[in-house]
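Please read the following alongside the sequence and the model. The text starts with a pocket, then turns to charged side chains.

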Amino acid sequence: YYIVLKRGEIYQLDIETGDKSKIIDYSDKVSILGEGGMLSIAFSNLTEDFLLSYVDKSGNLTFELNKYSTNPTDIISKEILLSMKNASRVHFAGNVIWSEYFNDYIVGVGDFKGNSDSPRLNPDPQDLSNPLGKILLLRSTVRYSEDIPIVSDEESEQLSNILALGLRNPWKFFEVNDSLYIFDVGLYDFEELNVLKYENLPGNFGWPYFEGIKRSKDILEDTEYKIDINTFSSDKYASFEEYIEQEVLLPTVFYDHNASEATSRFAIIGGVLENVTNNLGCLATDSVLEIGGDLIFDNSSTFNLSIVFSDFLSNELFLFDLINNQLTIMPVNSIEGATSVKHFEKDKVFLTTTSGFLHIIELKN
């Protein structure tokens, strides 16, 4: 397992022995102001390279490709694939995964807007000429046949490597076969788990016109609510409002911040899925198949085919049963500040927190 620390370090951890070794130290390169720091790492399944995401000293969200020989500590070269200035120092997103579907890296970019920056009026997540509020296929090298070019630096050019748009802060997401499961942080009202099937690219999840299943104009009680999308053009729809009403993909699961007097929620936290079974051409046998991720593939588990996630604030684990379309909520002590959730084995998950602890939690029926 690879453990990413905000302060700029990444450790390799042997969970059985407890042995750990530092493989990356960017503590002199990253800024930990706001939501900065080292954010994510993903390894290629085809070549000897990995992609890092971090916030540099100037406040740039940076995606850096590292090529190595033999093992990840033997770095041959480094290349910045994408770097974007974020003056607000929040909502970087920055998650990175390896896509077996595209055979390349997928990255998430936040809207770069805090709650005080009028995010509900921000057009960037709907603007096809910039990467903010989106999930992108980020080409590292040309090794697949699809004609999907890398993000262009020309602001006027419509980007064609957008997988998902209309997101606020897609902190975590994972891929299973031909679908992407996206956890998107809301504003004051709703948190979302969205599902994108790749046959529907690009998928538009509605932010800031929608939050959860509600329209911003209804939340604000403002019948004149409008966002200006300069890049919108359509032969099918007369206006952006007509387009978004028809094309928005509403969340598979959403929840309210104010659940009860005793429970407040703040930001949905997902995890990373390392799909080790696709190489075998199967998804379910009598043995444990998935080690990692939010989606449990384990016939011996009570929670087989359930997505596991948490909230940053509420000391709860959520399990969404994909087969029965059922949500289970489990109270768990002392996990406030959750940053990621990952399936460990059978009925157990890893959960990391801002306090620096990596917990192993046993799920109860």
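In this predicted model, the second largest pocket has a volume of about 450 Å³. Its lining consists of 21 residues. Those that lie nearest the centre of the pocket are L128, L165, P202, N204 and Y243. Three elements give two or more residues to this lining: strand 11 (162-165), strand 15 (203-204) and helix 2 (240-247).

Helix 2 also takes part in a salt bridge. E245, in helix 2, pairs with R215 in strand 17 (residues 214-215), and the closest N and O atoms of the two side chains are 2.7 Å apart. The two residues are 30 residues apart, and the pair links distant parts of the chain. E245 counts as partly exposed, at 28% relative accessibility. R215 is partly exposed as well, with a relative accessible area of 29%.

A search of the whole structure finds 13 salt bridges. Another of them joins E316 to R265, with 2.8 Å between the closest N and O atoms. E316 lies in strand 21 (residues 316-321), whereas R265 lies in the loop between strand 18 (253-256) and strand 19 (268-269), so this salt bridge ties together parts that are 51 residues apart in sequence. Are these two residues buried or exposed? E316 has a relative accessible area of 8% and R265 one of 11%; both fall under the 20% cut-off, so both count as buried.

K348 and E345 form a salt bridge in which the closest N and O atoms are 3.9 Å apart; the pair counts because the cut-off is 4 Å. K348 is partly exposed, with a relative accessible area of 30%, and E345 is partly exposed at 36%. Salt bridges can also be joined into a network, as they are for R7, E9, K22 and D25.

D184 is a charged residue without such a partner. It lies in strand 13 (residues 179-184) and is buried, yet has no salt bridge. Which side chain of opposite charge is nearest to D184? That side chain belongs to R168, and it is 7.4 Å away; a salt bridge requires the atoms to be within 4 Å, so the pair does not qualify. The backbone of R168 is another matter: its nitrogen lies 3.0 Å from a polar atom of the D184 side chain. Leaving aside neighbours within four places in sequence, D184 is in contact with G166, L167, R168, N169 and P170, and also with E191, E192, N194 and I268.

Terms used:
Residues numbered from 1 in each chain as written. Predicted model: local features only at pLDDT ≥ 70, side-chain atom pairs only at ≥ 80, totals over all residues. Heavy atoms only, no water. Helix = DSSP H or I, 4+ residues; strand = E, 2+ residues; numbered from the N terminus. Buried < 20%, exposed > 50% of the residue type's maximum accessible area, 1.4 Å probe, protein only. Lys, Arg positive; Asp, Glu negative; His and termini not counted. Polar contact = N/O pair within 3.5 Å; in protein donor to acceptor, adjacent residues only side chain to side chain. Contact = heavy atoms within 4.5 Å. 1 Å grid on protein atoms, 1.4 Å probe; cavity = no way out; pocket = protein on both sides within 12 Å on 5 of 7 lines; lining within 4 Å. Points joined across faces, edges and corners; volume = space filled by probe spheres on them.
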